[in-house]
Amino acid sequence: MQSLSKTATPVRRRPSWGIVQRRLAPYLFISPFFILFIGFGLFPIVFSAYLSFHEWAPASGLGNMRFVGLENYHFNLTDPWFWKSLANTAWLAVASGLPQHLIAIPLAFALHTGFRRFKNFLSAAYFLPYITSSVAVALIFFTLFATNFGLVNQLLGWLHTVPVIGALFPSEPINWLGRAPYIKPVIAFVVVWRFVGWNLVLYLAGLQAIPRVLYEAAQVDGASTWQQFRYITLPLLRPIMFFAVTLTLIGSFQLFDEPYVMTNGGRTLAEAGQTTAMYMFRTAFEFSEMGTAAAMSWLLFAVIGVLTFINNRVFGRSGLNPDT
């Protein structure tokens, strides 16, 4: 009996090299993504959070990093230039973000319903500014808004000579980028021009998800184009509107390229066009206050998080689920 029990005991075999390869191969293939994400995504986030509680100048080396607690956050919250840059950013977010959607939604509806034959061509044309280099766009508009030789002032000067409506336009060239009251409107105009096409493509994708039978039924019932837009398009576009407005909020509060190029770094005219991202860049790389800049980035993250939460509350559950 003893010999039979020994014979029935299962023998544990070591897995062959082929089985090991098959088990490890999936992890090996996806490992580059996680390695890159940890190195270039997760580590900078964790390090910036760690850095925000320290005082550190990069030229002094990592060994001279000094823990200061919440001092960097307190400095930013009591810094008038931080609040001015945040006010500039909020102004630009409203002045450039709101028109993007007010133009893109009806334009997408018109392309979807009235210009179906040329929809792809026109949507690609509107999308072209988005894929163009932001620095190149800023340089082009910097030239267009030049005081003496800019095309905008040339056009305004010609309109001033037109009878009847000429009095509505200035007779002298405007120093668009040399006077504080004009800087933010010019930057907002450039941002609107660049991102309308992006939002247009988003709303076109949302419109294609709306069943066409709804429009056909509305036409049978005698609904006008405005009534179709008001009672069919807008309610069913709410999920896309929530998504697009959230992206606009995030992008607007990280605005850097256009104002930096057009205002020469925002160092002139009492920083009239300086955004929070620009001030953060100057704090880190011009003032060598890495800890202060890191704390500023987390304060900006908190602002974006609060605004995204408010956006969610404004759209409500219907913004995420059109069936409710």
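In this predicted model, W198 is partly exposed, with a relative accessibility of 25%. The ring of W198 is stacked on that of Y130, because the two ring centres lie 4.8 Å apart and the two planes meet at 25 degrees, where planes under 30 degrees apart count as stacked. The two partners come from distant parts of the chain: Y130 belongs to helix α5 (residues 119-131) and W198 to helix α8, with their positions 68 residues apart in the numbering. Y130 is likewise partly exposed, at a relative accessible area of 27%.

A second stacked pair is formed by F256 and Y260, whose ring centres are 4.9 Å apart and whose planes differ by 15 degrees. F256 has a relative accessible area of 22% and is therefore partly exposed. Y260, at 23% relative accessibility, is also partly exposed. The search of the whole structure returned 24 aromatic pairs. Ring pairs also join F141, F145, W176, Y182, F189 and W193 into a cluster.

Charged side chains were also found over aromatic rings. K184 is placed over the face of W91, at 5.8 Å from the ring centre. R230 is placed over the face of Y231, and the distance to the ring centre is 5.0 Å.

Helix α8 spans residues 180-208 and includes V191. The relative accessibility of V191 is 4%, so this residue counts as buried, the limit being under 20%. Apart from neighbours within four places in sequence, V191 is in contact with S96, Q100 and L255. The C-alpha atom of V191 is 13 Å from that of I140, a residue 51 positions away along the chain.

Helix α8 also supplies R194, which takes part in a salt bridge with E258. The N to O distance in this bridge is 3.2 Å. E258 lies in helix α12 (residues 257-262), so the bridge links distant parts of the chain, 64 residues apart. E258 and R194 are both buried.

In total, the search of the whole structure found three salt bridges. Side chains of opposite charge can pair when their charged atoms come close. Another of these bridges is made by the side chains of E55 and R66, with an N to O distance of 2.3 Å. This bridge links strand β1, which holds E55, to strand β2 (residues 66-67), which holds R66, and the two residues are eleven positions apart. E55 is partly exposed, at 35% relative accessibility. R66 is partly exposed as well, with a relative accessible area of 45%.

Strand β1 covers residues 54-55 and includes H54. At 7% relative accessibility, H54 is buried. Leaving out neighbours within four places in sequence, H54 is in contact with M65, R66, F67, V68, N72 and G291. R66 is thus both a contact of H54 and the salt-bridge partner of E55, a reading that follows from the cut-offs of 4.5 Å for a contact and 4 Å for a salt bridge.

The salt bridge between E286 and R282 has its closest N and O atoms 3.4 Å apart. E286 is partly exposed, with a relative accessible area of 34%, whereas R282 is buried at 10% relative accessibility. R282 is one of the buried residues of helix α13. Helix α13 runs over residues 276-285, and eight of its ten residues are buried, so the helix is largely enclosed by the rest of the structure. The buried residues are T276, A277, M278, Y279, M280, R282, T283 and A284.

A nonpolar patch was found on the surface, with an area of about 1200 Å². The patch is made by L24, Y27, F29, I30, F33, F34, F37, I38, L42, I45 and V46. L24 is located in helix α2, which covers residues 17-51. With a relative accessibility of 51%, L24 counts as exposed, because the limit for this class is over 50%.

How values were computed: Residues are numbered from 1 along each chain as its sequence is written. This is a predicted model: local features need pLDDT of at least 70, side-chain atom pairs count only at pLDDT 80 or more; totals for chains, interfaces and linings use all residues. Side-chain values use heavy atoms; hydrogens and water are left out. Helices (H or I, at least four residues) and strands (E, at least two) are DSSP runs, numbered from the N terminus. Buried means under 20% relative accessible area, exposed over 50%, partly exposed in between (1.4 Å probe, protein chains only). Rings of Phe, Tyr and Trp (its six-membered ring) pair if their centres lie within 6.5 Å; planes under 30 degrees apart count as stacked, over 60 as edge-to-face and the rest as tilted. A charge sits over a ring if NZ of Lys or CZ of Arg is within 6 Å of the ring centre and within 35 degrees of the ring normal. Patches are made of residues with over 30% relative accessible area and no salt bridge: like charges are joined within 9 Å, nonpolar side chains (Val, Leu, Ile, Met, Phe, Trp, Tyr) within 5 Å. Accessible areas come from the Shrake-Rupley method with a 1.4 Å probe; for residues, only the protein chains shown count as cover.
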